[in-house]
Amino acid sequence: MSDQLLQLLFTGLTLGSIYSLIALALVTTFKVTGILNLAQGEFVAIGALLAISLYATGIPMFAAFILAIILVAIMGGCLERAAIHPARRASGLTLIIITLGLSISLRGLALLIWGTDTYSLPAFSQGGPLIIGGAVLNPQSFWILGLAVITLSVLYAFLGLTYAGKAVKAAVINRTAARLVGINPNTISFWAFVGSGALGAAAGIFIAPVTMSTYDMGFMLAIKGFVAAVIGGLNNIGGAVLGGLLLGVLESYSAGLISSGLKDGLAIIILLVVLMVKPHGILGLLGERKI
Amino acid sequence: MNKSIRKISLALLLILVLTAVVLMSGCASEKQDSTGSRDQGKEPYKIGAVLETSGNSSSLGVPERDTLLMLVENLNQNGGIDGHPVELTILDNKSDETEAVMAVKKLIDMEVLAVLGCASSGPSMAMINTVQNEKVPMVSMAAASSIVEPVNERQWVFKTAQSDIVTVKNIIAYLQGQGLTKVAFLYMNNAYGDGGKVAFTAAAKESGIEVVTEEKFEASDNDMTPQLTKVKASGAQAAIVWAIPPSASIITKNFRDLGLSIPLIHSHGVGNQKFIELAQGTADGVILPIGKLAVVSQIPDSDPQKEVLESYIADYQAKYNTPPNSFGGYASDAFNLVVNAIEKAGPDRIAIRDELEKNTSGFIGVSGVFNISPQDHNGLDVDSMVLVQIEGDQWKLID
């Protein structure tokens, strides 16, 4: 039995690290621009599919990854300039609906390019799974978790230690005042989308060996990522990672110990409970401002 | 600088939106792959098909679409049915039940003589009501027995894929041969998985095989380790999985990762190369019942299906440059059954249905020898399948 519990924990952490990455990308954009980017899941799917296609042309794996990340980052930037920027004075809800439109268009585009086939990438590290205390751990989980930790550290360092990071924070707190001291919130919004494109693509590439990739993989991932982000408070990058891991572990335990039918419903139940009991998330701060 | 970026971006967005619009409008009428030429004197016969050419079950629907397009082209080149060209309309149901019903209604409005579809069980089940009410013959290519049973509520519905029970009988025979009596059963949470579960649990009970644990998973799940840990703890002597790729491949990967050493038996839902490819080398050792198409070179020349199989493979290979899979085979049988019936009975829905039900015996198809009767609208028997084991990413016949 203890074997089983440990195994479920490991599986939960693998799943959770995937949700964490998506949640991290969602929260970063939200924190900087106040926009909940519903096309985030499509960034993930297109990043993974691009990397797989590039890798299939014979270029080295690492180069394929970097190229895919750069391409999706450029796409993120272009989309921001074309769709978000012209509507920057619209309400938050309008902007969310714009990202929803982007999400549907991107999914359609991916369907045209890649069709409905499922693709997969080989695992990054050779060798089989690790066996710890009678339970099995997929080494790809370390890569995924590692990416989440590195992204988290880089974000903290950027926001806390650099001049540009402080400018971002200033723009988040008060857009008008930031403008008065010479910070351009429009530029920040642009770079936030470039960044979330790159992060989404990286997440897609790292999870592809575990989840495999299809043109419509982004939708379910975005939902799980969104629940993870809400658990974490939607405005808290550390909370997003914790929320993701928590969701993964809970899903794994509920599927393994209670009923496998409960798994996907659980995310929605947690979402409802958190929104009713702690609307600011488990780590969310009260009274945070958004632009 | 900023302005030019904006201009480029706007142009890009415009392209994106346009492609999306084209795609959306395309989906509604997608794959109006109507083929058939009107320059021949005689009026064309219309046949409709509803297939999963996109979505979760597209690995089934796409080879079926390709097969149908190939067959209708060949047929029309050879003069169609008694000089009448066949006009085939294929609609995409996006692997969705509601879309399937909408598509079949559209086809019926177009006055098709018969409907082929769908590739998977859920959408096929969803269409039954409509074709029963409108009295249109339908030939499904999906597995679940409940598509054609009970027959008195399914007078208009036939199917070409082996029913779950055929697969189940093959698996049970294997288990009994190996002396395995305690098994774990894992299935996809959809009509295909449920059908397999119902058929297997009933048959297992009769043959004294105990199902020690029963687990399900979603078609979109990324990791089935939690379900498999239960299998590990249950003391099962073999695991039977009822799923289609990609989830069938993922569960196979998880199964190997967990180091489970009991035999892993899959259903015929994994009868395509995609399953092996996505399992990335972990599919070796998997045992499954499969139609003879996959192992045609290994079956004896005396097999009645050998010739039909070889000619289908040659045609498909010549057109698409890739070997066909069993799903394409189901489509080929469905098409040929319907064409055969129209040929004999003429362009009349009632006559076509009667012809299919009463006069289809000893019909040699790709999926088996069909003996359709008023009691059995599938008409395939246990010998339409063989047991194979995957070795070095190849199907290998088990004697």
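Two residues are in contact here if their C-beta atoms, placed from the backbone, lie within 7 Å. Keep that in mind as you move through this predicted model.

**Stop 1: chain B as a whole**

Select chain B and show it as a cartoon. You should find 12 helices and 14 strands. Of the 399 residues in chain B, 54% are buried. Now think about how the chain folds back on itself: among contacts in chain B between residues at least 6 apart in sequence, 69% join residues at least 24 apart.

**Stop 2: the two domains of chain B**

Colour residues 45-162 and 307-381 of chain B as domain 1, then 165-298 and 385-397 as domain 2, following the domain assignment. The C-alpha centres of these two domains of chain B are 27 Å apart. Where they meet, 26 residues of domain 1 of chain B touch 24 residues of domain 2 of chain B. On the domain 1 side, α2, α4 (121-134), α10 and α11 (326-345) of chain B each supply at least two residues. That side of domain 1 has 10 nonpolar, 14 polar and 2 charged residues.

**Stop 3: a helix crossing in chain B**

Stay with two of those helices. Select residues 58-77 of chain B, which form α2, and residues 306-320 of chain B, which form α10. Their axes are 11 Å apart and make an angle of about 100 degrees. An angle of 65 to 115 degrees counts as roughly perpendicular, and α2(B) and α10(B) are therefore roughly perpendicular to each other. Show side chains for B:D66, B:T67 and B:M70 on α2(B), and for B:D315, B:Y316, B:K319 and B:Y320 on α10(B), to see who meets whom. This contact of α2(B) with α10(B) has 3 nonpolar, 1 polar and 3 charged residues.

**Stop 4: B:V50 and B:N93**

Centre the view on B:V50. Leaving out residues up to four places away in sequence, B:V50 touches ten that you can pick out, among them B:L91, B:N93, B:A103 and B:M127.

Now click on B:N93, in the loop between β2 (86-92) and α3 (97-109) of chain B. Is B:N93 buried or exposed? A residue is buried if 20 or more other C-beta atoms lie within 10 Å of its own; B:N93 has 31, so B:N93 is buried. Beyond its sequence neighbours within four places, B:N93 contacts residues including B:L51, B:E52, B:E99, B:C118 and B:P123. Try the distance tool on B:N93 and B:A103: they are 10 residues apart in sequence, and their C-alpha atoms are 6.7 Å apart.

**Stop 5: the nonpolar core**

In soluble globular proteins, nonpolar side chains tend to be buried together. The largest nonpolar core here has 208 residues, and A:I22, B:V50 and B:A239 have the most contacts inside it. Its largest share, 15 residues, comes from α8(A). Both domains of chain B give residues to this core, so it lies between them.

**Stop 6: where the chains meet**

Show both chains together: 34 residues of chain A are in contact with 37 residues of chain B. On chain A, the helices that each supply at least two residues to this side are α1 (2-33), α3 (61-84), α4 (92-114), α8 (185-211), α10 (237-258) and α11 (263-277). The chain A side divides into 16 nonpolar, 15 polar and 3 charged residues.

**Stop 7: a helix pair in chain A**

Finish with α5 (residues 140-161) and α6 (residues 163-173) of chain A, whose axes are 5 Å apart at an angle of about 80 degrees. α5(A) and α6(A) are therefore roughly perpendicular to each other. Pick out A:F158, A:L159, A:G160 and A:L161 on α5(A), then A:G165, A:V168 and A:K169 on α6(A), which make the contact.

Terms used: Residues are numbered from 1 along each chain as its sequence is written. Chains are lettered from A and ligands numbered from 1 in the order in which they are written. This is a predicted model: local features need pLDDT of at least 70, side-chain atom pairs count only at pLDDT 80 or more; totals for chains, interfaces and linings use all residues. Helices (H or I, at least four residues) and strands (E, at least two) are DSSP runs, numbered from the N terminus. Ala, Val, Leu, Ile, Met, Phe, Trp, Tyr, Cys and Pro count as nonpolar, Asp, Glu, Lys and Arg as charged, and the others, Gly among them, as polar. Axes are lines fitted to C-alpha atoms, for helices over the stretch in contact, and angles run from 0 to 180 degrees between N-to-C directions. Angles under 35 degrees count as roughly parallel, over 145 as roughly antiparallel, 65 to 115 as roughly perpendicular and the rest as oblique. Domain bounds come from an automatic or database domain assignment. A residue is buried if 20 or more other C-beta atoms lie within 10 Å of its own, exposed if 12 or fewer, and partly exposed in between; C-beta atoms are placed from the backbone. A nonpolar core is a set of buried Ala, Val, Leu, Ile, Met, Phe, Trp, Tyr and Cys residues joined through C-beta atoms within 7 Å.
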